[in-house]
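Good morning, and thank you for the time on today's agenda. Please look at the sequence and the structure as they come up, and keep them in view while I speak.

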Amino acid sequence: MTVRMDKRFAAVKAEGRPALVTYFMGGDPDFDTSLGIMKALPGAGSDIIELGMPFSDPMADGPAVQMAGQRALKGGQTLSKTLDLAARFRETDNDTPIVMMGYYNPIYVYGVDKFLDDAIAAGIDGLIVVDLPPEMDDELCIPALAKGINFIRLATPTTDDKRLPTVLKNTSGFVYYVSMNGITGSALPDPSLIAGAVKRIKGHTDLPVCVGFGVKTADHAKAIGASADGVVVGTAIVQQIAGSLTKDGKAGPDTVASVVTLVRGLATGVRAARLVAAE
Amino acid sequence: MNETPKPNSFRSGPDEDGRFGIFGGRFVAETLMPLILDLQGEWEKAKNDPSFQKELADLGTHYIGRPSPLYFAERLTEHLGGAKIYFKREELNHTGSHKINNCIGQILLAKRMGKTRIIAETGAGQHGVASATVAARFGFPCVVYMGATDVERQAPNVFRMKLLGAEVIPVTAGNGTLKDAMNEALRDWVTNVEDTYYLIGTAAGPHPYPELVRDFQSVIGKEAREQILEAEGRLPDMVIAAVGGGSNAIGIFHPFLDDAGVQIVGVEAGGRGLQGVEHCASITAGAPGVLHGNRTYLLQDHDGQILEGHSVSAGLDYPGIGPEHSWLHDIGRAEYVPIMDHEALDAFQVLTRLEGIIPALEPSHALAEVIKRAPKMRKDQIIVMNLSGRGDKDIFTVAKILGMDM
Ligand SMILES: Cc1ncc(COP(=O)(O)O)c(C=O)c1O
């Protein structure tokens, strides 16, 4: 784990609550607005930032994240600009962990070694690359771990006990449990099922387990946070951004503020989570 | 690349991780991983199961109509004045193209795996029709994802799929073509992973699809090899096929790969020319990248974003190519060349008038390359071309381009 990631999970644990992990798409709807959103996230209560790397063909994403990626690409976002976004954020915040999330092709085309060096220079703590399962670890996971960047793996309902050790083997930072078989933006499944799955995963690892896919409201965050070490919110934030844009898809006057409002609400949710668990 | 050592056999790939050299692999979301490992296991068993092979062969004979003829195109040969031209008549198969060979094989696998629902992507609609056909024949519900642009330009096939009981879902993302349909099919699959079998229509996607689609399509090349030996007492000098995702091409190429004297030529869609982005020549004008589960040559920009491409033929309108072709290209065993939209349209008309065969626009690309090459070859040389499909589905597109009233 990077020091930042370690410290952050330790800190929220000391507060007796799960971490709030927030996803947004880098460059949506434009670089400057996106940087504004990123800078505002920690103050609104986000503990860890997932920075989306736009890709033309996001096969595991629903319409909301697809459209966010399209807006970002249309606004001229590239992988090198997304790295730049992180670097600019780091100028004023050296504590909030940043995890870059996306698909492999832009990284492959950028060049794996160059990407990892630039990611370290930009202050990146971890990577989530949707289309790199453990069978493809030689591509990016092993080189990333060798350079000290976390490689955060997704575990899903299809990851049974037989497969979990394979998935966990080279995972670091945290485990991202995908709450359902499906794409981002789907409805949240029954929290008690999720709690069972988290428990099952924790039987195989000491890493924190964060849960995402389908978490949209403070109540969801509270319910999921009762069992998980972290709650990931993505589509709700991306939709909030989409809803704040002008008719021609440009940043609106309230784009950053509306994200802040949403994240504040979610932050109260995670802070109430363990109270429920204790009840 | 020249430094790549030549293998002892060109037919032994992929390795156990699904790689052909650096190409292929399993670049999928974790949700799908257990499933494609299951599929691989099931395929290993089925391959060596005589009862599976027998059922496949029986359906090939009595349902598809195999073997398809190898036809000597006498008038075209005379017209071009060079090499003797033979067509492998896959357009005579049930449903009108080679796509059915793969669909019959995969539906038997789906049945073995206990799946209860079939999904497929389609470009020209030939694979969609073939999928809907086998789904009807075996009693599965079937959902076909098809780009909205293709729904429009391949209307007859959309109607056929609906008649066969399939649900056709138009995909409006991107340019509304094959790539977008494939994204949407993958999204359906991760959502319905427990009961759904994804019947991929070409020799691409994550391992084991490129291998198993190739194996099901290799019946084309196996028959063609026997038929040409029977007809001419020797192997051809050249085998030519059009390449979309690459299934009809790898199907006819594969059995000839270790025959050193046989030149192998794949024809990509050159669209409106290779200068801009209005083509689908992934090998000729693309670069290696990762999409839809495998590493292969792709049309993409400097940032690794996939480009949409263009071809007059919906079945070739795909920015990638099956990984085995990328490998065959890099090691120099096969050659890949582009043919422009207008050349394919000319070839379409030549064949129609000279041989009384209306070809699909996809193999019309291969034919255009034959028309270029045959006159430069000796009369005792032989070309075998895969006539992968018939043109009924394309008559509206062609009429529109030629300005004819229907
Ligand atoms: C008749 C025909 N030929 C060729 C193709 C291209 O596909 P592939 O390259 O997989 O053979 C298609 C695709 O729809 C087709 O319908």
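I will describe chain A and chain B in turn, with a few residues from each.

Please bear in mind throughout that this is a predicted model.

Let us begin with chain A. Its secondary structure consists of twelve helices and nine strands. How compact is chain A for its length? The radius of gyration is 17 Å, close to the 19 Å given by the globule rule for 279 residues, so chain A is as compact as a globular protein of that length. Measured out along the principal axes would be the wrong phrase for a model, so let me say that the C-alpha trace has a computed span of about 45 × 40 × 35 Å along those axes.

Turning to the interior of chain A, 61% of the 279 residues are buried. If we take contacts between residues at least 6 apart in sequence, 73% of them join residues at least 24 apart. As for the outside, chain A has an accessible surface of about 10100 Å², and carbon and sulfur atoms contribute 54% of it. Chain A carries 27 positive and 31 negative side chains, with the centres of the two sets 3 Å apart.

One residue of chain A deserves a moment of our attention. A:P97 sits in the loop between α4 (79-90) and β3 (98-102). Is A:P97 buried or exposed? The relative accessible area of A:P97 is 0%, and a residue counts as buried under 20%, so A:P97 is buried. Beyond its neighbours within four places in sequence, A:P97 is in contact with A:R4, A:M5, A:R8, A:D47, A:I48, A:I49, A:R90 and A:D125. For the last of these, A:D125, the C-alpha atom is 5.8 Å from that of A:P97, although 28 residues separate the two along the chain.

I now move to chain B. Here there are 16 helices and 14 strands. For 406 residues, a compact globule would have a radius of gyration near 22 Å, and the 19 Å of chain B agrees with that. The C-alpha atoms of chain B fill a box of roughly 55 × 55 × 50 Å along the principal axes.

In chain B, 66% of the 406 residues count as buried. Among contacts with a separation of 6 or more, 75% are between residues 24 or more positions apart. The accessible surface of chain B comes to about 14000 Å², with 53% belonging to carbon and sulfur atoms. There are 39 positive and 52 negative side chains in chain B, and the centres of these sets lie 4 Å apart.

Two residues of chain B complete the picture. B:H325 lies in helix α13, residues 323-330, and is buried with a relative accessible area of 1%. Which residue places its backbone oxygen 2.9 Å from a polar atom of the B:H325 side chain? That residue is B:G246. B:G246 is also among the residues that B:H325 touches beyond four places in sequence, together with B:V243, B:G245, B:A249, B:I250, B:F253, B:I283 and B:Y336.

The other residue is B:F348, found in helix α14, residues 341-355. B:F348 is buried too, at a relative accessible area of 7%. Its contacts outside four places in sequence are B:I358, B:P359, B:L361, B:S364 and B:V398. The C-alpha atoms of B:F348 and B:S364 are separated by 5.3 Å, with the two residues 16 apart along the chain.

Thank you for your attention.

Methods
Residues are numbered from 1 along each chain as its sequence is written. Chains are lettered from A and ligands numbered from 1 in the order in which they are written. This is a predicted model: local features need pLDDT of at least 70, side-chain atom pairs count only at pLDDT 80 or more; totals for chains, interfaces and linings use all residues. Side-chain values use heavy atoms; hydrogens and water are left out. Helices (H or I, at least four residues) and strands (E, at least two) are DSSP runs, numbered from the N terminus. The radius of gyration is taken over C-alpha atoms; the globule rule is 2.2 Å times the number of residues to the power 0.38. Buried means under 20% relative accessible area, exposed over 50%, partly exposed in between (1.4 Å probe, protein chains only). Contact means heavy atoms within 4.5 Å. Accessible areas come from the Shrake-Rupley method with a 1.4 Å probe; for residues, only the protein chains shown count as cover. Lys and Arg count as positive and Asp and Glu as negative; His and the chain ends are not counted. The place of a charge is taken as NZ of Lys, CZ of Arg, CG of Asp or CD of Glu. A polar contact is a pair of N or O atoms within 3.5 Å; within protein, one must be able to donate a hydrogen and the other to accept it, and residues adjacent in sequence count only if both atoms are side-chain atoms.
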